[in-house]
Amino acid sequence: MTPGSFVALSMILFVIGAVGVLVRRNAMVIFMCVELMLNAVNLAFVAFARLHANLDGQVIAFFVMVVAAAEVVVGLAILMAIFRARRSASVDEANLLKY
Amino acid sequence: MSGVLAAGQATSAGASVTFWVLAVISVAAGLGMVLARRAVHCAVLLAVVMLSLAVLYAVAGAPFLAFVQIIVYTGAVLMLFLFVLMIVGVSARDSMRETIAGQRLAAGVAGIGLLVLLSLIVGHAAIGPAAPPSPQYGTNNLRGLATLIFTRYVFPFEVTAALLITAALGAMVLAHRERTTPKPTQRELSQQRVSGAHPSPLPGPGVFARHNAVDFPALLPDGTPAPLSVSPVLARERGSSAAQLPPGGGTGDDEGAAGRPQIAGAEPEEARP
Amino acid sequence: MTSSLAAATAPGIAPLAATGVQRGMWLLLAFPLAGAAILLLGGRRTNRWGHWVGVAMPLAAFAYAVAAFAAMLGYPAGQRSRVLTLFTWIHVARFNVPVGLQLDQLSICFVLLTTGVGSLIHIFAVGYMAHDPERRRFFGYMNLFVASMLLLVLADNYLVLYVGWEGVGLASYLLIGFWQYKPAAAVAAKKAFVANRVGDAGLSIAIMLMFAVFGSVTFTGVFGQAGKASQGVVTALGLLLLLGACGKSAQLPLQSWLLDAMEGPTPVSALIHAATMVTAGVYLIVRSGPIFDLSPNARLVVTIVGAATLLFGALISCAKDDIKKALAGSTMSQIGYMVLAAGLGPPGYPFAIALLLAHGFFKAGLFLGAGSVKHEMNDEVDMRRLGGLRAVMPITFVTFLTCYLAIIGIPPFSGFFAKDTIIDQAFSKGGTSGAILGTAALIGAGLTAFYMTRIMFMTFAGERRWDPDAHPHEVPPIMTSPMILLAVGAIAWGGYEILGDRLAHFLAPVTGYQPPEPAVFSVAGIVALVLVVAAIALAWAMYGRRPVPAVAPAARFPVTAGRRDLYGDAFNESVLMRPGQWLTRLSVYFDNRGVDGLVNTIAATVGGTSGRVRRVQTGFVRSYALSMFVGAVLLVGAFLLVRI
């Protein structure tokens, strides 16, 4: 319950999200794993705000949320455009830059 | 609000229990999210994680952030995810077979490595107990946040606002599709309808439906499935699974392909408004 | 053993400048060079009259040489060494090489021999090569040879001598391989050149050593400072000069080319490989006397080489059926005598030169006689197909007989005086070496008589074993006149010598030896005569009395060894050629596998590595994401390491 445990939980969630990005093939799911990582970081910020009894951490978490929202908007728009062109949501389909 | 706050500020057993329960739930949901086969399941599990995180924010003394998490993050961003999932293919099951050799192993090893490293760092950092609540951190969380945002962090605030506007514009540009043919006028549409196969207005959705599922086609008078009764997107996605008479009812089963007539894939262009 | 006369012109004192007639010394070179230039550069246009130009030039040079000789006799004995400096060739820091011509008693002998005997041989060649369409080119090369030989003997420093040395080597190559379309001739020319090259290496290293030690390559410079060099340097110089002489004079171990050189036209064999070029080695040794005087070890080696070669050549000659090759073996043997004499020091120098000059006459005469026989017998040289030519070619027979008597050393012909004094000097050297050398020389004299008598009987006496379509007559006068003149020279030269060692006195200022008044006949001379007579009798018994078989009979050891040049070629092949071939093959192998292999391996490695490494670009976003993630983890780890 100490800030340390919050940070530990944040770490675990972050690593889960990172591994998920690497392992999944569906673009939507990869996006969602990225969101998970962002949420984990937010939790860490809040924990540190609690640690120092200082609101700066929360402000930063707030801004992270805003930026995450903007990023999701643009990312999903891109995904839609790709989907319309290729009819597939798998990231492995886009491998034309191979050797 | 103050009750939540009071509950959050106390390092009591209640807070600990909350924390541990929610921690287990969020980790389990996270793992499930990474391992789930269908994308919709991943979205729902992400929602679970976000909600438990919201409660944890509240426990940690950030009530405003908790509500913003629920309203904005879960309620808006995640819903956006779900909308796009609908368009892209809601019940498509991902193949869990890994195509790139060694990817999973490497990802697993790297992940464990990162976990170990972070543990070392965090362990070395010696994060102590929470500081006593300062006047700034005190009862009025909202006022404190507002003060900070509009004084010390006003410049990032303005920049983030610009970012939002830019993102919205960018999304509009990306989603825009040029018409290659002129938009048909009302007169042209009427002419098409009268000279086409169905002069009379088509029945509304669900009139001839035999089933609640949207991917279950209605039957024509002669007993064949009606191509117009299923969305062309669903028909294409499901392939052979759409518009089939079930042997004994049941929802659309993706894999069963035997004995089900196919609906030919329709044009993705929406010819009707 | 020096005298006051010799001390007056001790080595190292610069000779006087040329005056009077001798200031035209350069004409000696200019005439034959002009002849060569006209004939070789003029081309086929000069075909009709080219040979007369080729004859006129050596004759003109001879005329001048006689005039210069007369002028020289007019000077007092100590002032007969004259130098004409033409221009400075090299002048780089300390290295100063002038092109100067030195006419002294030693070089005038060679000049007269080359131009005189050379002119006679040129005249003979007009008749001999009458049916050859390339006659003009032949005379061009012959003139080139004469010019180079004269440059060799007239040079006043070792480097210009080397130019002449190389020039005669070149001319020898061109002339041996004159009939290039014959594979045997081309191979023989190449063999001669390569063997000469080995000797040339010795001479050039000697010149380099001279410059390094003495700072000069002129005769006066080197001989003047020779006393200041260490014994090792002087011995090394002597041995290197000996190597050069062996190459040019076909002495052991570089003797293998001389018998093959008989592939060339007979006038070439007469002029180059009998009278002049092969004597250049003897000239070098005698000229470098001051160096050899300082090194008894080098001198001993010279005598050993000379003695071994004289026996070697004589043994080969006894077994050869080809008349020209037998005479070539004889040349090798006679030059062995000269080298032996030169190795005895100042007592031997004048007699080496005496034999050299006499040999020039009688060996040229013998070769021209063989050339006449060959010309008339449709180029047949196998003595087993000759016989009984005495009746049909009387003039050739008489001249050949005269030269034969000269070479085997019957008094009063020239060979007797020269050869017997050499045998005498060898014995007077004293000690075991003297006895061995003297005995070798005696045995050589006996062998010489044997094989020459054999040649006489097989060629001119006995029944006719000719080819059915051979109709020999006497050769035309243009070919007989030179032979007659040479025979006269073979006789007259002996008379000259008999009048009190005049040559030795004449050469004294150069060689540094004043001979005492000798007895005309010495013990060694008498023993030699007895041996000669016995050998003649033996040869008569074997070849004169019994019929000579037309096909060479199978033979036992000494004859088979002689027929195979005493295994000289076999030795060269196994000791030098095959290891050389293995070495080149090894180098080629090493180059192909090693060097090329290394380069190709590097290229293949680079190619293979890049082929493997490019597979990292899979095109999958997830792989790239994985590498980014791993990189980030490593960075975090690095931070951790730094901080902790």
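**Strand pairing in chain C and a helix contact between chains A and B**

C:Leu16 stands opposite C:Arg82 in E2(C), and I would like to begin there, with the reminder that what we have in front of us is a predicted model. That pair belongs to the pairing of strand E1 of chain C, residues 16-17, with strand E2 of chain C, residues 82-92, which runs in the parallel sense over 2 bridges.

On to the next pairing: E2(C) also pairs with strand E3 of chain C, residues 95-103, in this case in the antiparallel sense and over 9 bridges. Within it, C:Thr85 has C:Gly100 in E3(C) as its bridge partner. The hairpin that E2(C) and E3(C) form has 2 residues between the strands, and C:Ala93 takes a positive phi near 50° there.

Now let me turn to chains A and B, where helix H2 of chain A, residues 27-52, packs with helix H3 of chain B, residues 39-59, at an angle of about 5° and with the axes 10 Å apart. An angle under 35 degrees counts as roughly parallel, so H2(A) is roughly parallel to H3(B). By class, this contact has 15 nonpolar, 2 polar and 2 charged residues, including A:Leu36, A:Asn39 and A:Arg50 from H2(A), and B:Leu46, B:Leu53 and B:Tyr57 from H3(B).

Is A:Asn39, in that helix, buried or exposed? Its relative accessibility is 0%, and because buried means under 20%, A:Asn39 counts as buried. Setting aside neighbours within four places in sequence, A:Asn39 is in contact with B:Met50, B:Leu53, B:Tyr57, B:Gln69 and B:Tyr73.

Conventions:
Residues numbered from 1 in each chain as written. Chains lettered and ligands numbered in written order. Predicted model: local features only at pLDDT ≥ 70, side-chain atom pairs only at ≥ 80, totals over all residues. Heavy atoms only, no water. Axes fitted to C-alpha atoms, helices over the stretch in contact; angles between N-to-C directions. Helix = DSSP H or I, 4+ residues; strand = E, 2+ residues; numbered from the N terminus. Parallel < 35°, antiparallel > 145°, perpendicular 65-115°, else oblique. Contact = heavy atoms within 4.5 Å. Nonpolar A, V, L, I, M, F, W, Y, C, P; charged D, E, K, R; others polar. Buried < 20%, exposed > 50% of the residue type's maximum accessible area, 1.4 Å probe, protein only. Pairing = 2+ DSSP bridges.
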